[in-house]
Amino acid sequence: MTEHVVVVGGGTGGTVLANDLAERLEPELAAGDVQVTLVADDPDHVYKPVWLYVPFGQREPADGRRPLTELVDDRVDVRVDRVTSIDTDAQRLESRDGAAPSEYDYLALATGSTLAPDEIPGLAEGGHDFYSESGSEALREELLSFTEGHLVLSVIGTPHMCPAAPLEFVFMADDWFRQRGLRDDVDITYTYPIQRVHGNPHIGEWARPRMDDRDIAVETFFNAESVDPDGQTVATMEGTELDYDLLVAIPPHRGIDLVEEAGLGDRGWVDVDRETLEAEAAENVYALGDTADTGVPNAGSVAHYQAGVVGQRLASEIRGRPATATYDGKTLCFIETGMDAASFVEFDYENPPSPAPPSQKLHWAKLAYNESYWLTARGLL
Amino acid sequence: MTETDRDATATVDARGAACPGPLMDLIGKIRDVESGDVVRLLSDNEQSLTDVREWTEEAGNDLLDVEETDDHYEFYVEKA
């Protein structure tokens, strides 16, 4: 009997996992004992870190897109379709076009994050973002012609993709306006929901004095409740208001509705054992990347490492061996601190981050990794 | 069952989450409920004792009660 592994989602987690399984289960795939199917609702794989550079005119959204068929091993059956429901008891799926498999033996959910700006009245009309292709392009139109006024970067939704990116954006904007001789005419304010500038206290303590040195104003305990696009103000749950000329927001994020409808977790995030990545509410279901509610950052490096763990565990289970691989919380992030300098952090569940001194070499390393990412997606790096 | 148990409109179980997860989860839930509703937050993170108090004061919400059990804390926060 053929064991069928279905991976849902064509982002970093799903793509790396599918390629990992193709390599790891090569004999079983060749013998027809195992089938691996990747279901994605976009024929392209999208590398989201490119979007940070789009508003500054340095990259194009197309730089972050490649067809899945170029990246995924031929031994994986790629189906472009959208899964619309999961019955975890019967281990059955329904899909929009009927192209996805209707049954699975093992399911891996890597459906990722979606943006939910509509949860904040006025945000969609009054705010910009760099967390989507269209958002980063629209922001570029505003930012390239912005020469004076108040730029506000407001982190509204948490958890959100790439927790370092809001800090990167204000550090880059500060440097970019300075280099162009405009910084005296542009005020920059950064807002964050809790009492420091980043969820991780170590990164928050590292970033705050750098923001002060660079005259980046900070508002903490700042949770936007509504945006007035005409008056150009943000009103908060804490009862304050902030005027802006250009609002760059990190909108609320959600997973996809399918997850909640299947009873796997709230807001589209799957409740998992944070070490085995097994769903808590169903058998033979894993989640990885943003989809897995582990408390670690929603970052590509996390999805990448988790894919290796899920791949090993699935291979063990298929071969009838005890699954021993576990995820230790490993996370890597480069953090841009300007237009030509960056820091770097590495941490896990036990060891907190200690940001490296910013340097041009780390900035080059980040840009070099962004290019070599396509090897990661292919399962080669 | 205590008085506050009965009054809780919604519960957020953030046990196992590292700082600042519980406070972030509480803020998210407070967004969803109506003024006067009570949210119960379960957290086993010590930092929540200061985080939750600081934020509720800042936001003008009312921290009605903090109960300590064997392995976690229960915070009752009324939305202003």
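**Figure 1. Where chain B meets chain A in this predicted model.** Let us start at the contact between the two chains, to which chain B brings 14 residues and chain A brings 15 residues. Together the chains bury about 1300 Å², and carbon and sulfur atoms give 57% of that area. On the chain B side, look for M24(B), R31(B) and E58(B), which lose the most area to chain A and together make up 42% of what that side buries. Charged side chains can be found among these three, yet the count of salt bridges between chain B and chain A is zero.

**Figure 2. Helices α2 and α3 of chain B, side by side.** Here we stay in chain B and look at helix α2 (residues 21-32) with helix α3 (residues 48-59). The two axes come within 9 Å and cross at roughly 35°, and the crossing is right-handed. From α2(B), the residues to pick out are P22(B), L23(B), L26(B), I27(B) and I30(B). They meet S48(B), D51(B), V52(B) and W55(B) of α3(B). Sorted by class, this contact has seven nonpolar residues, one polar and one charged.

**Figure 3. A five-stranded parallel sheet in chain A.** Follow the strands across this open sheet and you will read the order β5-β2-β1-β8-β19, with parallel pairing. At the edges stand β5 (77-80) and β19 (285-287), each with a single partner strand, so one side of each is left without a neighbour in the sheet. From one strand to the next, the twist averages 20°. For a closer look at one pairing, find β1 (residues 3-8) and β2 (residues 34-40) of chain A, which run parallel and are joined by six bridges. Within that pair, V6(A) has T37(A) of β2(A) as its bridge partner.

**Figure 4. Helices α1 and α9 of chain A, with the sheet they lie across.** Helix α1(A) lies across β1, β2 and β8 (106-109) of chain A and runs at about 155° to β1(A). Helix α9(A) lies across β1, β2, β8 and β19 of chain A, running at about 165° to β19(A). The helices also meet one another: the axes of α1 (residues 12-24) and α9 (residues 300-318) of chain A come within 8 Å and cross at roughly 35°. As α1(A) passes α9(A), the crossing is right-handed. The α1(A) side of the contact is made by T12(A), G13(A), V16(A), L17(A), D20(A), L21(A) and R24(A). On the α9(A) side, the residues include G300(A), A303(A), H304(A), A307(A), V310(A) and L314(A). By class, the contact of α1(A) with α9(A) has eight nonpolar, seven polar and two charged residues.

**Figure 5. A four-stranded parallel sheet in chain A and helix α6.** This open sheet has the order β12-β11-β10-β16, again with parallel pairing. Its edge strands are β12 (216-219) and β16 (246-250) of chain A, each of which pairs on one side only. The twist averages 20° from one strand to the next. Strands β10 (residues 149-155) and β11 (residues 186-191) of chain A run parallel and are joined by six bridges; L153(A) has Y190(A) of β11(A) as its bridge partner. Helix α6 (residues 165-179) of chain A packs on the sheet and touches β10, β11, β12 and β16, with its direction at about 170° to that of β11(A).

**Figure 6. A salt bridge between strands β3 and β4 of chain A.** A search of the whole structure finds 26 salt bridges over all chains, and this view picks out one of them. D44(A) pairs with R65(A), with the closest N and O atoms 3.0 Å apart. D44(A) lies in strand β3 (residues 44-46) and R65(A) in strand β4 (residues 65-67) of chain A, so the pair ties together parts that are 21 residues apart in sequence.

**Figure 7. Two backbone details in loops of chain A.** Most residues other than glycine have a negative phi, and most peptide bonds are trans. P159(A) is found in the loop between β10 and α6 of chain A, and the peptide bond from T158(A) to P159(A) is cis, with omega near -5°. Q91(A), in the loop between β6 (83-87) and β7 (92-95) of chain A, has a positive phi of about 55° although it is not a glycine.

Notes: Residues numbered from 1 in each chain as written. Chains lettered and ligands numbered in written order. Predicted model: local features only at pLDDT ≥ 70, side-chain atom pairs only at ≥ 80, totals over all residues. Heavy atoms only, no water. Axes fitted to C-alpha atoms, helices over the stretch in contact; angles between N-to-C directions. Left-handed = near helix turned anticlockwise from the far one by under 90°. Contact = heavy atoms within 4.5 Å. Nonpolar A, V, L, I, M, F, W, Y, C, P; charged D, E, K, R; others polar. Pairing = 2+ DSSP bridges. Buried area = accessible area lost by both parts, 1.4 Å probe. Salt bridge = Lys/Arg side-chain N within 4 Å of Asp/Glu carboxyl O.
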